[in-house]
Amino acid sequence: MNETVMTDDHKPSFEHPVRLHKGETAPNFELESDEYKHYALADFKHQNVVLYFYPQAMTSGCTIEANDFKANLEKFEKAGYTVIGISRDGVDKLQEFREKNGLNFILLSDPDYEVHKLYGTVKETFEDGKKEYAVVRSTFVLDGEDKIVSAEYDVNPEGHVVDLLGKIAK
């Protein structure tokens with residue numbers, strides 16, 4: 001059952017977040033990478049994709065997760081998967097993140113949370129009476145037809161990549 005809640009203009013919002021589930025079609029998007037290239041999910045048609053959303057480049061948890069993907073990228077590729085990371089960070093910060101950690105996969109910038117909203121990976125919070133947005137660390141495994149094979153929200157960055165590889169291998 002699809003629990004997606006839509007607003008009057010039929011777009012997800014922070015107030016009515018999406019939760020995607022296995023078997024649904026992954027929403028298409030287009031974002032800019034740290035290399036100033038534009039990528040759309042449609043560019044990866046007929047390819048399996050691991051799409052992961054992380055809160056902020058250069059933070060400890062995000063660095064752990066990114067380095068785990070880097071260390072295991074060959075295993076993902078041998079299993080037929082392309083790894084793509086998405087965060088709210090700007091292109092310049094993503095470039096710094098890539099260079100500092102020697103990252104070897106696609107990093108995409110979503111500063112306005114548009115794709116985060118489509119995938120339900122951002123939530124509204126209030127801090128000191130001020131509205132803020134918090135990214136929900138999440139991972140989606142997509143088949144070559146953009147069908148969601150796995151949707152995981154609130155993942156722990158430590159050990160997540162190894163667990164994910166185990167699931168993909170099954």
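Here are some worked exercises on the predicted model shown above.

**Exercise 1. Getting the layout**

Task: Work out how many helices and strands the protein has and in which order they run.

Solution:
- Start with the tally: the protein has four helices and nine strands.
- Now walk along from the N terminus, and the elements read β-β-β-α-β-α-β-α-β-β-β-β-α.
- Next, look at how the chain comes together: of the contacts between residues at least 6 apart in sequence, 62% join residues at least 24 apart.
- Finish with the surface. Buried residues account for 47% of the 170 residues, and the accessible surface is about 8,800 Å², with 48% of that belonging to carbon and sulfur atoms.

**Exercise 2. Classifying a ring pair**

Task: Decide which class the pair Tyr-52 and Phe-69 belongs to, and find where its two partners sit.

Solution:
- The structure holds 13 aromatic pairs, and the rings of Tyr-52 and Phe-69 make one with centres 4.3 Å apart.
- For the class, check the planes: under 30 degrees counts as stacked. Here the angle is 25 degrees, so Tyr-52 and Phe-69 are stacked.
- Then place the partners. Tyr-52 belongs to strand E3 (residues 48–53) and Phe-69 to helix H1 (residues 60–78), so the pair links distant parts of the chain, 17 residues apart.
- How buried are they? Tyr-52 has a relative accessible area of 0%, and Phe-69 also comes out buried at 0%.
- Zoom out a little: Tyr-52 and Phe-69 are part of one aromatic cluster that also takes in Tyr-54, Phe-76, Phe-97 and Phe-105.

**Exercise 3. Dissecting the cores**

Task: Find which elements feed the largest nonpolar core, and which of them gives the most.

Solution:
- The largest nonpolar core has 22 residues, and Phe-29, Leu-51, Ile-86 and Tyr-119 have the most contacts inside it.
- Go through the suppliers: E3, strand E4 (81–87), strand E5 (106–109), helix H3 (114–119), strand E8 (138–142) and strand E9 (148–153) each put in at least two residues.
- Of these, E3 gives the most, with three residues.
- Now pick out Tyr-119. Skipping residues up to four places away in sequence, Tyr-119 touches Val-18, Leu-20, Ala-26, Pro-27, Phe-29, Leu-41, Leu-51, Phe-53, Phe-140 and Tyr-153.
- A separate core of 21 residues lies apart from this one; among its members are Val-50, Phe-69, Tyr-81 and Leu-164.
- For background, nonpolar side chains in soluble globular proteins tend to be buried together.

**Exercise 4. Two arginines**

Task: Say what the side chain of Arg-137 makes a polar contact with, and what Arg-19 lies over.

Solution:
- Locate Arg-137 first: you'll find it in the loop between strand E7 (130–135) and E8.
- The cut-off for buried is under 20% relative accessible area. Arg-137 has 12%, so this arginine is buried.
- Its side chain makes a polar contact with the side chain of Glu-65, at 2.7 Å.
- Beyond neighbours within four places in sequence, the contacts of Arg-137 include Phe-53, Tyr-54, Pro-55, Cys-62, Glu-152, Tyr-153 and Asp-154.
- As for Arg-19, it lies over the face of Tyr-153, 4.0 Å from the ring centre.

**Exercise 5. Far in sequence, together in space**

Task: For Leu-142 and for Asp-146, find how far apart in space each is from a residue well away along the chain.

Solution:
- Leu-142 lies in strand E8 and is buried, with a relative accessible area of 0%.
- Leu-142 and Gln-47 are 95 residues apart in sequence, yet their C-alpha atoms are 8.4 Å apart.
- Leaving out neighbours within four places, Leu-142 is in contact with residues including Gln-47, Asn-48, Val-49, Leu-51 and Tyr-81.
- Move on to Asp-146, in the loop between E8 and E9. Asp-146 is buried too, with a relative accessible area of 10%.
- Its C-alpha is 8.5 Å from that of Glu-24, 122 residues away along the chain.
- With neighbours within four places left aside, Asp-146 is in contact with Glu-24, Thr-25, Ala-26, Leu-41 and Lys-45.
- Compare the two lists: Ala-26 and Leu-41 turn up in contact with Leu-142 and with Asp-146.

Terms used:
Residues are numbered from 1 along each chain as its sequence is written. This is a predicted model: local features need pLDDT of at least 70, side-chain atom pairs count only at pLDDT 80 or more; totals for chains, interfaces and linings use all residues. Side-chain values use heavy atoms; hydrogens and water are left out. Rings of Phe, Tyr and Trp (its six-membered ring) pair if their centres lie within 6.5 Å; planes under 30 degrees apart count as stacked, over 60 as edge-to-face and the rest as tilted. Buried means under 20% relative accessible area, exposed over 50%, partly exposed in between (1.4 Å probe, protein chains only). A charge sits over a ring if NZ of Lys or CZ of Arg is within 6 Å of the ring centre and within 35 degrees of the ring normal. A nonpolar core is a set of buried Ala, Val, Leu, Ile, Met, Phe, Trp, Tyr and Cys residues joined through side-chain atoms within 4.5 Å. Contact means heavy atoms within 4.5 Å. A polar contact is a pair of N or O atoms within 3.5 Å; within protein, one must be able to donate a hydrogen and the other to accept it, and residues adjacent in sequence count only if both atoms are side-chain atoms. Accessible areas come from the Shrake-Rupley method with a 1.4 Å probe; for residues, only the protein chains shown count as cover.
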